[in-house]
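Okay, thanks everyone, let's get going. I'll put the sequence and the structure up, and then I'll talk you through what I found in it.

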Amino acid sequence: MIDNIDDLKQQWRKMNVHADDLDRVNRKIGDRLSSGRVSSLQDRLARRIRRVRWIGLFVVLYSPVIYYTLPLSLTACIVYALFGALMTVLHQLLADYISEQPLVELPVADAIRRAVKIKVYQQQMRAVGICFGAVVVMSIIMGLIDAKEEEMLLGAVVGLAIGLCIGIPRCLRNARLARRLVESLSMTE
């Protein structure tokens, strides 16, 4: 009987170690949630995405100017406007989804699941934007090539390069914010 009690004590000690680990991890996640770190990352990401929607709205409003100043077809200008409208709506929907439910109010597993969904939705929106944006850029470049407007074509290429220099870092920062949002909720840090 004494051997069984010693075994029981040893098993009890092992269980306490696991409980201590769980308490430590639970305290760490609780501290992150209570400090507002998760909430502030969530708010920053939503704000950054909301700001980008204004660029999409500008694209919609700028498309008539392009039609009347550049030798582009009406179809190319409509595609340009549709791209701006689509990106405005997608950015607004994503920003609303991000800020719809504060992650600090959710149980940890649900908060992690939602943060991962935010990251996935952001990646999907980026893929749609790149694909549709490539169609828009190609339609504009093809229109300028057909019109034999070398100066305007050069301006379009320079504008594309400047846009990429601005857009790629913004995209990377938003992706990094979404990744940090997921990491701030996980127990691996």
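Let me start with a question: where in the structure is Lys148 placed? Lys148 sits in the loop between helix 4 and helix 5. Before I say more about it, please keep in mind that this is a predicted model.

So, Lys148. Its phi is near 55°, which is a positive value in a residue that isn't glycine. For background, most residues other than glycine have a negative phi. Lys148 follows helix 4, and it counts as exposed because its relative accessible area is 63%, where the cut-off is over 50%.

Now the overall layout. The protein has five helices and zero strands, and along the sequence the pattern reads α-α-α-α-α. Of the 189 residues, 29% are buried. If you take the contacts with a separation of 6 or more, 80% of them are between residues 24 or more positions apart.

A quick check on two of the helices. Helix 4 has 39 residues, so at 1.5 Å a residue it should span 57 Å, and its end C-alpha atoms are indeed 57 Å apart. Helix 5 has 36 residues, so the expected span is 52 Å, and the distance between its end C-alpha atoms is 52 Å, which agrees.

Next, the core. As a general point, nonpolar side chains in soluble globular proteins tend to be buried together. Here, the largest nonpolar core has 30 residues, and the ones with the most contacts inside it are Leu45, Leu72, Ile98 and Leu103. Which elements give two or more residues to this core? They are helix 2 (37-69), helix 3 (74-100), helix 4 (108-146) and helix 5 (150-185). Helix 3 gives the most, with nine residues.

Let me zoom in on Leu45. If we skip its neighbours within four places in sequence, Leu45 is in contact with Ile98, Ile118, Gln122, Asn174, Leu177 and Ala178. Three of those names come back in a moment, when I list what is buried in helix 5: Asn174, Leu177 and Ala178. The full list of buried residues there is Asn174, Ala175, Leu177, Ala178, Leu181, Val182, Ser184 and Leu185. And the general reminder for reading a list like that: an α-helix has 3.6 residues a turn, so residues three or four places apart point the same way.

Gln122 was also among the contacts of Leu45, so what does Gln122 touch, not counting residues up to four places away? It touches Leu45, Ile49, Leu94, Asn174, Ala175 and Ala178. Gln122 lies in helix 4, and it counts as buried because its relative accessibility is 5%, with the cut-off at under 20%.

Another polar side chain I'd like you to look at is His91, in helix 3. Is His91 buried or exposed? At 10% relative accessibility, His91 counts as buried. Outside its neighbours within four places in sequence, His91 is in contact with Ile49, Val52, Arg53 and Met125. Ile49 is also on the list for Gln122.

Two residues that are less covered. Arg47, in helix 2, has 45% relative accessibility and so counts as partly exposed. Arg47 and Asp96 are 49 residues apart along the chain, with their C-alpha atoms separated by 9.9 Å. Ala109, in helix 4, is also partly exposed, at 45% relative accessibility. The C-alpha atoms of Ala109 and Leu185 are separated by 8.8 Å, and those two residues are 76 apart along the chain. Leu185, remember, is one of the buried residues in helix 5.

Last topic, the pocket. How much space lies in the largest pocket? About 1600 Å³. It is lined by 41 residues, and those nearest its centre are Ile55, Phe83, Gly163, Leu164 and Gly167. The elements giving two or more residues to the lining are helix 2, helix 3, helix 4 and helix 5, and helix 5 gives the most, with 14 residues. By type, the lining divides into 27 nonpolar, twelve polar and two charged residues.

That's what I wanted to show, so over to you for comments.

Methods
Residues numbered from 1 in each chain as written. Predicted model: local features only at pLDDT ≥ 70, side-chain atom pairs only at ≥ 80, totals over all residues. Heavy atoms only, no water. Core = buried A, V, L, I, M, F, W, Y, C linked by side-chain atoms within 4.5 Å. Buried < 20%, exposed > 50% of the residue type's maximum accessible area, 1.4 Å probe, protein only. Helix = DSSP H or I, 4+ residues; strand = E, 2+ residues; numbered from the N terminus. Contact = heavy atoms within 4.5 Å. 1 Å grid on protein atoms, 1.4 Å probe; cavity = no way out; pocket = protein on both sides within 12 Å on 5 of 7 lines; lining within 4 Å. Points joined across faces, edges and corners; volume = space filled by probe spheres on them. Nonpolar A, V, L, I, M, F, W, Y, C, P; charged D, E, K, R; others polar. Expected span 1.5 Å × (residues − 1).
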